Amino acid sequence: MKLPLSKYVWFDGKYSLTKKATIPITTHAIHYGTSIFEGIRAYWNGENLNIFRLDEHVKRFRKSGQFYDISLNFSDQEISDAVIGICKKNKIKESCYIRPFYFVGDYGISLHVTKSAPTNVAIFTFPFGDLFDKNGITAGVVSWRKFSDMSTPPQAKMGGNYLNSIIATQEAKRNGVDEAILLDHNGNVSEAPGENIFIVRNNQLITPPLSSSALEGITRDAIIKIGKDLDIDVVEREITRSELIISDEIFLTGTAAEITPIISMDAVKINDGKPGDVTKKMMQEYTNIVMRKNQDYVHWLTEAY
């Protein structure tokens, strides 16, 4: 999928024309997946471009590299300023997706990556709308399992980790559904390839715990906080596979996916096959927040201008 990239990117502290931002073929990350990334949304409300939970994204950005002793050689403030700056430099006045990433550069073929290994940092952006149909998508459990802390840290947003997501997505598409659901190493529900999962059962909003190899998602965290503020009983616990098809509602959360209803799971219609009341409430709350219509959560927004 070719992206409508902005004219300028931020690369190692400087703005560069996108077409001139190149790296050598000996870049370590190309060979071994030693890259760290974030996905950040910014929303244009007709007056301002509001970046959603920028501070949280930047903190996780650094922490992901720490699992592997990969150095981010810019301060959090410098990265935050660069995210804001790339929007300004490209004069973005529409909702967009921002991708910061850093990676081990020209380091040969050694697998002994240390804090002294050379790294590069880049940030690009592009206009972005809905990833999925907000009227609801189909999903199915795939045979591939989500990796766990027994093999690779699930909380690190590493490029190499997402090969697991790619192979799960491929299987889901072959099975004729829109999105995959992965189980953890114990056979309980973990998450989707790029999203966390929530179900609604018996008036509870339920999501898998981090021990089920679920990413500590920033949108996941937002929904947990919003749910509690709305006096919804929010529970983090293991979810069995069989619970999915008897759920009252299911939805996915993620920066790209935002709040996406699942209306069919493993070819079984969820409830009446339409987004449920809790899901619709969360979708509306999320929209109001990112469009700066809810002052209770304005601290989650950073104005680019």
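# A friendly tour of the structure

Strand β15 gives the most to the lining of the largest cavity, contributing three residues. Keep in mind as you look around that this is a predicted model. Besides that cavity, the tour takes in a nonpolar core whose residues with the most contacts inside it include W10 and I98, a set of 15 aromatic pairs found across the whole structure, and two residues, N202 and D266, with a positive phi.

**Cavities**

- Searching the whole structure turns up two cavities of 30 Å³ or more.
- The largest cavity holds about 40 Å³ of space.
- Its lining is made by D248, E249, I250, P261, I262, I263, I270, K274, P275, G276 and T279.
- Two or more lining residues come from each of β14 (249-254) and β15.

**The largest nonpolar core**

- How many residues does the largest nonpolar core have? There are 30, and W10, I51, I79, V83 and I98 have the most contacts inside it.
- At least two residues of this core come from each of these elements: β4 (40-44), β5 (49-52), α2 (54-66), α3 (76-89), β6 (96-104) and β7 (119-127).
- Helix α3 provides the largest share of the core, with six residues.
- I98 is a good residue to click on: leaving aside residues up to four places away in sequence, I98 touches E38, G39, I40, A42, V83, I86, C87, I123, F124 and T125.

**Aromatic rings**

- The search of the whole structure finds 15 aromatic pairs. In one of them, the ring centres of W44 and Y305 are 6.5 Å apart and the planes meet at 65°, so this pair is edge-to-face.
- Where do W44 and Y305 sit in the chain? W44 is in strand β4 and Y305 is in the segment after β17 (301-303), so the pair links distant parts of the chain, 261 residues apart.
- Y305 is partly exposed, as its relative accessible area is 26%.
- F101 and F103 make a stacked pair, with 5.7 Å from centre to centre and 20° between the planes.
- Is each ring of that pair buried or partly exposed? F101 is partly exposed at a relative accessible area of 23%, while F103 is buried at 4% relative accessibility. The cut-off helps here: buried means under 20%.
- F101 and F103 also belong to one aromatic cluster, together with Y97, F124, F126 and F128.

**Charges over rings**

- Which ring lies under the charged end of R53? The ring of W300 does, and the charged end of R53 is 4.4 Å from its centre.
- K146 lies over the face of F147, 5.0 Å from the ring centre.

**Unusual backbone angles**

- Most residues other than glycine have a negative phi.
- N202 is not a glycine, yet N202 has a positive phi of about 50°.
- You can find N202 in the loop between β11 (196-201) and β12 (204-207). N202 is exposed, with a relative accessible area of 59%.
- D266 is not a glycine either, and its phi is positive at about 55°.
- D266 sits in the loop between β15 (258-265) and β16 (268-269). With a relative accessible area of 30%, D266 is partly exposed.

Notes:
Residues are numbered from 1 along each chain as its sequence is written. This is a predicted model: local features need pLDDT of at least 70, side-chain atom pairs count only at pLDDT 80 or more; totals for chains, interfaces and linings use all residues. Side-chain values use heavy atoms; hydrogens and water are left out. Helices (H or I, at least four residues) and strands (E, at least two) are DSSP runs, numbered from the N terminus. Buried means under 20% relative accessible area, exposed over 50%, partly exposed in between (1.4 Å probe, protein chains only). A nonpolar core is a set of buried Ala, Val, Leu, Ile, Met, Phe, Trp, Tyr and Cys residues joined through side-chain atoms within 4.5 Å. Contact means heavy atoms within 4.5 Å. Rings of Phe, Tyr and Trp (its six-membered ring) pair if their centres lie within 6.5 Å; planes under 30 degrees apart count as stacked, over 60 as edge-to-face and the rest as tilted. A charge sits over a ring if NZ of Lys or CZ of Arg is within 6 Å of the ring centre and within 35 degrees of the ring normal. On a 1 Å grid over the protein atoms alone, a cavity is a set of points where a 1.4 Å probe fits but cannot get out, and a pocket is an open set with protein on both sides within 12 Å along at least five of seven lines; lining residues have an atom within 4 Å of a point. Grid points are joined across faces, edges and corners, and a volume is the space filled by probe spheres set on the points.
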